[in-house]
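User: Could you walk me through reading this fold, one feature at a time? I would like the general idea each time and then the case at hand.

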Amino acid sequence: MGNTVLTRGAAASQNTKNGVKKSADIYAIALDGPSGAGKSTVAKLVAKTLNITYLDTGALYRTLGYVCLKNGVNVNDGGAVEQCIKDVGVNIVYHDGVQSVIADGEDVSSKIRTPEVSMAASAVSAIPFVRQKLLGLQRGIAEQSSVILDGRDIGTVVLPNAEYKFFLTASADERARRRFDELTAKGQAVTYEAVLSDVITRDRNDSTRAIAPLKRAADAMEIMSDDMTAQEVADYICAAVNGD
């Protein structure tokens, strides 16, 4: 791919985006979409191709959901969740470009990819305190380097002025099939029906919540990926960013 965007505005002038100052050669890609659309896989491929930072924002919410489950907290009780996580330190660490999530010194990256944690993440992400707690961390990373962030409200709330916005989706059946294949490949005992039910439930929860619901930004390019591989989606995004 060309590097038109990567070399753009190399002067050290500053501009304000999303409440933070960014140098002119730093840009952000917002990649939103429903659960199971393949956002994380695509974002990693894009980050590698464009040589930018990838931030898996879903992992941050999964981490706080995991902490609540670990402590026996009802994830639908906003007050209880706030008390549980208010002093929890969440940090992102990168090793050779791979993101790890640290909660109070514990690397939880391998513990947050279960259906239970996924549902817990959906619940806690609707709590204003949780979103506010993580907002500064996400914007801070976007301030430091060119990034691609994936989530539910990156283009509408987290980085509303992101230079590039995409909304990646697929049918519920296709997303359930992908998630089922992923979980069974990891040795988890799940059924397709249960995974499909979780996908439909999470879609409903994410799109109807009062705080930062799942929504395509008006200026985002929508990508329906049922008949596309992750690499094909990533190539499409990279071409759009590079103006090819």
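**Reading the packing and the sheets**

Analyst: Gladly, and keep in mind that this is a predicted model. Let us begin with a helix pair: Val 81, Glu 82 and Ile 85 of H3 are in contact with Phe 129, Val 130 and Lys 133 of H5. By residue class, this contact of H3 with H5 has four nonpolar, no polar and two charged residues.

User: How are the axes of H3 and H5 arranged at that contact, and at what angle do they cross?

Analyst: For a helix pair, look at axis distance and crossing angle together. The axes of helix H3 (residues 78–85) and helix H5 (residues 128–144) come within 9 Å and cross at roughly 30 degrees. Angles under 35 degrees count as roughly parallel, which makes H3 roughly parallel to H5.

User: What angle do H2 and H4 make when they pack?

Analyst: Helix H4 (residues 115–124) packs with H2 at about 105 degrees, and their axes are 8 Å apart. H2 and H4 are therefore roughly perpendicular to each other. On the H2 side the contact residues are Tyr 61, Arg 62, Gly 65, Tyr 66, Cys 68 and Leu 69, while H4 brings Glu 116, Val 117, Ser 118, Ala 120, Ala 121 and Val 124. Sorted by class, the residues of this contact of H2 with H4 are eight nonpolar, two polar and two charged.

User: Now the sheets. What is the strand order in the open sheet of three strands?

Analyst: With any sheet, read the order first, then the pairing sense, then the edges. Here the order is E5-E6-E7, and the pairing is antiparallel. Strand E5 (90–95) and strand E7 (106–107) are at the edges with a single partner strand each, so one side of each has no neighbour in the sheet. Strand E6 (residues 98–103) pairs with E7 in the antiparallel sense over two bridges, and Ile 102 has Asp 107 in E7 as its bridge partner. Helix H2 (residues 57–70) packs on this sheet, where H2 touches E5, E6 and E7 and its direction makes about 35 degrees with that of E6.

User: And which order do the strands take in the open sheet of five?

Analyst: That order is E4-E8-E3-E9-E10, with parallel pairing. Its edge strands are E4 (53–56) and E10 (221–224), each pairing on one side only. From one strand to the next, the twist averages 20 degrees. E4 and strand E8 (residues 147–151) run parallel and are joined by four bridges; Tyr 54 stands opposite Ile 148 in E8. H2 packs on this sheet as well, touching E4 and E8, with its direction at about 35 degrees to that of E4.

User: Is Thr 57 buried or exposed?

Analyst: For a single residue, check accessibility and then its contacts. Buried means under 20% relative accessible area, so Thr 57, at 3%, counts as buried. Thr 57 lies in helix H2. Leaving aside residues up to four places away in sequence, Thr 57 touches Gln 138, Leu 149, Asp 150, Gly 151 and Ile 154.

User: Stepping back, how many helices and strands does the protein have, and how compact is it?

Analyst: There are nine helices and ten strands. The radius of gyration is 17 Å, close to the 18 Å that the globule rule gives for 244 residues, so the protein is as compact as a globular protein of that length. Its C-alpha trace spans about 50 × 40 × 35 Å along the principal axes. Of the 244 residues, 47% count as buried. Among contacts with a separation of 6 or more, 72% are between residues 24 or more positions apart.

Conventions:
Residues numbered from 1 in each chain as written. Predicted model: local features only at pLDDT ≥ 70, side-chain atom pairs only at ≥ 80, totals over all residues. Heavy atoms only, no water. Pairing = 2+ DSSP bridges. Contact = heavy atoms within 4.5 Å. Axes fitted to C-alpha atoms, helices over the stretch in contact; angles between N-to-C directions. Parallel < 35°, antiparallel > 145°, perpendicular 65-115°, else oblique. Nonpolar A, V, L, I, M, F, W, Y, C, P; charged D, E, K, R; others polar. Buried < 20%, exposed > 50% of the residue type's maximum accessible area, 1.4 Å probe, protein only. Rg over C-alpha atoms; globule rule 2.2 N^0.38 Å.
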